[in-house]
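The following paragraphs walk through one protein model with a bound ligand. Please keep the sequence and the coordinates open while reading.

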Amino acid sequence: MQDVPLLISRILTHGSRIHGSSQVITWTGNGGPQRRSYAEIGARSAQLAHALGEDLGVGTGGRVGTLMWNNSEHVEAYFAIPSMGAVLHTLNLRLPAEQLVFIVNHAADRVIIVNGSLLPLLAPLLPDLPTVEHVVVSGPGDRSVLSGASARVHEYEELIEGRPTAYDWPELDERAAAAMCYTSGTTGDPKGVVYSHRSIYLHSMQACMAESMGITDQDTSLVVVPQFHVNAWGLPHATFMTGVNMLMPDRFLQPGPLAEMIESERPTHAAAVPTIWQGLLAELRAHPRDVGSLAQVTIGGSACPPSLMEAFDSLGMRVCHAWGMTETSPLGTVARPPAHAVGTDEEFAYRLTQGRFPAGVEARLTGPGGERLPWDGESAGELEVRGPWIAGAYYGGPDAGAVRPADKFSEDGWLKTGDVGTISPDGFLTLTDRAKDVIKSGGEWISSVDLENALMSHPDVAEAAVVAVPDDKWGERPLATVVLKEGATADFTTLRAFLADEGSIAKWQLPERWTIVPAVPKTSVGKFDKKVLRRQYAEGELDVTRL
Ligand code: AMP
């Protein structure tokens with residue numbers, strides 16, 4: 001067989017030629033969305049690559065950061081930068097300032113492409129970013145905040161204007177770095193994951209499979225998951241492989257505009273973390289809209305509460321649950337029920353699992369003593385994975401080699417996910433917790449996720465997070481932090497009884513410590529930030545009731 005390297009440039013060339021009339025549709029908030037065909041994206045990506053290489057001196061392996069919303073210019077950067085041999089470094093615009101400074105310096109980004117609306121975030125950091133020589137600004141926003149910046153400032157459109165619309169993309173080594181993304185972990189410094197051309201190509205092929213996101217050129221995908229969060233779950237690449245239109249929300253991520261863009265652009269697929277969908281659901285209940293086009297919704301990043309899945313089902317939007325990590329590109333499992341379960345009582349239970357491993361992701365469970373656990377659907381252990389789109393190490397910085405911390409990689413090279421769960425004999429993963437979130441009460445484990453899901457199925461509860469807190473007698477016990485819906489009246493005794501009666505939670509697992517919070521603190525990618533809750537409890541900032 002021919003040995004053709006699996007390169008991002010091949011995905012770009014395929015999409016812009018074979019699916020040239022497919023579109024990236026970017027929401028602008030007024031005056032109608034911006035529409036750009038894949039053919040135009042291909043031409044503009046070539047122009048951007050010429051500009052970056054010829055004017056800004058970006059060479060093979062050079063890092064180009066993007067501090068951008070989901071929009072068509074960001075898609076252009078996604079393709080131009082890796083295709084020319086440089087490395088795309090997507091910057092998470094919700095990271096605290098000191099972490100942004102850390103990751104730009106660690107990656108040694110030379111250029112940052114930034115949306116004008118994000119300049120107030122970038123400009124104050126520039127004096128601390130010595131490697132950044134050029135800032136390229138795209139889209140609306142006040143440029144004056146950049147006056148006095150030592151980096152050279154360029155306008156995106158002016159920079160690419162008049163450049164050749166074709167580029168002789170180099171034949172790179174498919175194992176070369178194409179993109180990098182730092183983890184948004186809540187402990188320690190962010191860690192850099194470097195994706196290769198090969199890993200992205202193979203991951204994209206599996207993302208398109210019917211068993212996975214199952215999207216075809218008849219679809220329009222609403223890509224809510226940010227392009228700075230694990231390559232928007234591979235969607236920009238998967239859509240260029242298949243000709244799916246991309247509907248990009250830009251900075252309009254609030255429930256109102258999301259509902260509006262669904263009604264007017266009629267996407268058939270969408271992907272985002274549960275928090276976004278909880279918000280959209282509340283919006284649709286308050287202001288009903290026609291969202292009937294949205295047949296399939298991929299939910300991942302955190303466990304999908306059963307109540308959310310049911311609510312979406314009742315609106316005709318079918319949720320497909322998936323699990324992954326920055327380190328797994330991200331798709332690690334997708335919950336499509338097996339044929340024998342479809343139409344039976346088992347179907348919903350299968351859909352609620354994190355999903356089944358695709359070909360390409362090998363998995364094993366490791367017990368507390370390092371022993372291998374069986375796939376019996378009952379033995380819970382830490383999930384370890386390996387495969388061609390799973391990280392084998394973290395980026396050590398420009399002058400250091402790859403880093404393989406022992407708590408993240410096994411001696412034989414598997415990724416230790418830090419997620420605890422079971423695997424059924426037919427390969428479905430059910431996560432019960434993060435290793436660090438599991439509640440260890442009197443030698444037994446209590447799943448914080450089970451308690452949260454049961455609480456969130458109560459009609460008065462908008463959100464709930466459960467964390468372990470120290471307990472003299474049991475070592476640890478659960479603390480339930482609850483966000484009530486507006487006007488809700490449920491008290492803690494009622495909620496506790498509900499957990500036992502409706503939630504099937506064993507009596508010894510029921511929390512005795514309860515508190516109401518205005519909102520559950522979230523991480524930079526919208527997940528529950530339990531570290532903050534634990535700290536607030538330790539410092540006596542929460543008003544806790546003991547039942
Ligand atoms: P990140 O690298 O920020 O995408 O975070 C990855 C982590 O998110 C995983 O290790 C899990 O703990 C969590 N996660 C992702 N998807 C799911 C899911 N479907 N259910 C439960 N946890 C999830």
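In the strand pairing to start with, Val 64 stands opposite Val 111 of β5. This pair belongs to the contact between β3, residues 63-67, and β5, residues 111-115, which run parallel and are joined over 4 bridges. The model is a predicted one, and what follows should be read as a description of that prediction.

Two helices can be placed against this region. Helix α3, residues 72-83, packs on the sheet and touches β3, β4 (87-90), β5, β6 (134-138) and β8 (177-182). The direction of α3 makes about 145° with that of β4. Helix α4, residues 97-107, also packs on the sheet, with contacts to β3, β4, β5 and β8. For α4 the angle is given against β8, and amounts to about 155°. The loop between α4 and β5 holds Ala 108, a residue other than glycine whose phi is nevertheless positive, near 55°.

The sheet itself is open and has 7 strands, in the order β7-β6-β5-β3-β4-β8-β9, with mixed pairing. Its edges are β7 (152-155) and β9 (192-196), each of which pairs on one side only. On average, neighbouring strands of the sheet are turned by 25° against each other when direction is ignored. As background, strands of a sheet pair through backbone hydrogen bonds, in either the parallel or the antiparallel sense.

Further along the chain there are antiparallel pairs. Strand β17 (residues 362-366) is paired with β19 (residues 381-386) in the antiparallel sense over 5 bridges, and Glu 362 is found opposite Arg 386 of β19. Strand β19 is also joined by 4 bridges to β20 (residues 415-423), again antiparallel. Within that second pairing, Gly 381 has Gly 421 in β20 as its bridge partner.

Another antiparallel pair is formed by β14 and β15 (residues 331-334), over 3 bridges. Here Trp 323 faces Thr 333 in β15. The two strands make a hairpin with 6 residues between them, and Ser 329 in the turn has a positive phi of about 80°. The peptide bond that joins Ser 329 to Pro 330 is cis, with omega about 5°; Pro 330 lies in the loop between β14 and β15.

Strand β14 leads on to the ligand. Which element gives the largest share of the shell around the ligand? It is β14, with 4 residues. The shell holds 16 residues, the closest being Ala 322, Thr 326, Asp 419, Arg 434 and Lys 527. Sorted by class, the shell has 5 nonpolar, 8 polar and 3 charged residues.

Several polar distances can be checked in the coordinates. A ligand nitrogen atom is 2.8 Å from a polar backbone atom of Ala 322. On the oxygen side, a ligand oxygen atom lies 2.8 Å from a polar side-chain atom of Arg 434, and an oxygen atom of the ligand is 3.1 Å from an N or O atom in the side chain of His 229. Taken alone the ligand exposes 500 Å², of which the protein buries 88%. The elements that give two or more residues to the shell are β14 (318-324) and β21 (428-434).

Terms used
Residues are numbered from 1 along each chain as its sequence is written. This is a predicted model: local features need pLDDT of at least 70, side-chain atom pairs count only at pLDDT 80 or more; totals for chains, interfaces and linings use all residues. Side-chain values use heavy atoms; hydrogens and water are left out. Two strands pair if DSSP finds at least two bridges between them. Axes are lines fitted to C-alpha atoms, for helices over the stretch in contact, and angles run from 0 to 180 degrees between N-to-C directions. Contact means heavy atoms within 4.5 Å. A residue is near a molecule or strand if one of its heavy atoms lies within 4 Å of it. A polar contact is a pair of N or O atoms within 3.5 Å; within protein, one must be able to donate a hydrogen and the other to accept it, and residues adjacent in sequence count only if both atoms are side-chain atoms. Accessible areas come from the Shrake-Rupley method with a 1.4 Å probe; for residues, only the protein chains shown count as cover. Ala, Val, Leu, Ile, Met, Phe, Trp, Tyr, Cys and Pro count as nonpolar, Asp, Glu, Lys and Arg as charged, and the others, Gly among them, as polar.
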